[in-house]
Amino acid sequence: MNDPISDLLTRIRNANQALLPAIELPHSKIKESIVGILKREGYITDFAVEGKVPRTIKVKLKYQGKKSIIEGLRRISTPGLRRYVGATEIPRVRGGLGVAVLSTSEGLMTDVQARRKKIGGELICYVW
């Protein structure tokens, strides 16, 4: 697997289309941070890190009737083309209705948090 973040986003997108209640994926610290942001922002119900050495992340997805809460996911910075933005250039996703996840010097955070702290970083993905 060359891009584990794209794999995470694709698994969530596919599970949402199939209306699955939960998914399991291989653990990494950055995936755990991204899933934590999704939970904090209300896009998923819950997540848990399970297992010892081959650890996994179990993500419980959130639906409103037969419709997923997450309308779309998009990877922005890829391993082949990194995208960096300054504090004043951080984009608003869907006019502020979505969330941009940034990797900054202070860790992973949303676009709103980065603007408040006035720090830029690498644009990881958009969620709306």
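**A three-stranded sheet, two helices and the cores around them**

In this predicted model, β2 and β3 run antiparallel to each other and share six bridges. Strands here are DSSP E runs of at least two residues, helices are H or I runs of at least four, and both are numbered from the N terminus; two strands pair if DSSP finds at least two bridges between them. Residue numbers start from 1 along each chain as its sequence is written, and side-chain values rest on heavy atoms, with hydrogens and water left out. Local features need pLDDT of at least 70 and side-chain atom pairs count only at pLDDT 80 or more, while totals for chains, interfaces and linings use all residues.

On confidence, pLDDT is the predictor's own score for each residue, from 0 to 100. The chain averages 96, and 100% of the residues reach at least 70. By element, the lowest mean belongs to strand β5 (residues 67-68) at 94, and the highest to strand β7 (residues 84-85) at 98.

Back to the sheet: its three strands are ordered β1-β3-β2, open and antiparallel. Since β1 and β2 (44-50) sit at the edges with a single partner strand each, one side of each has no neighbour in the sheet. Neighbouring strands are turned by 20° against each other on average, direction ignored; axes are lines fitted to C-alpha atoms (for helices, over the stretch in contact), and angles run from 0 to 180 degrees between N-to-C directions. A hairpin links β2 and β3 through five residues, and G51 in that turn has a positive phi of about 90°. E50 stands opposite T56, and I44 opposite L61. On the other side of β3, β1 pairs over five bridges, with E24 partnered by K58.

Side chains along β3 alternate: I57, V59 and L61 point to one face and are buried, whereas T56, K58 and K60 point to the other and are not. Buried means under 20% relative accessible area, exposed over 50%, and partly exposed in between (1.4 Å probe, protein chains only).

Two helices pack on this sheet. α1 touches β1 and β3, its direction making about 165° with that of β1. α2 lies across β1, β2 and β3 and runs at about 155° to β2. Contact here means heavy atoms within 4.5 Å.

What does the largest nonpolar core contain? It has 23 residues, and those with the most contacts inside it are I12, I23, I44, V59, L61, I70 and V127. A nonpolar core is a set of buried Ala, Val, Leu, Ile, Met, Phe, Trp, Tyr and Cys residues joined through side-chain atoms within 4.5 Å. At least two residues each come from α1 (4-17), β1 (22-26), α2 (29-40), β3 (56-61), β8 (99-104) and β10 (121-127), with α1 giving the largest share, five residues. A second, separate core of 12 residues includes I76, M109, I119 and Y126. Beyond four places in sequence, I44 contacts V35, L38, K39, V59, K60, L61, K62 and I70.

A polar residue is also tucked away: N16, in helix α1, counts as buried at 10% relative accessibility. Its side chain makes a polar contact of 3.2 Å with that of S68. Such a contact is a pair of N or O atoms within 3.5 Å; within protein, one must be able to donate a hydrogen and the other to accept it, and residues adjacent in sequence count only if both atoms are side-chain atoms.
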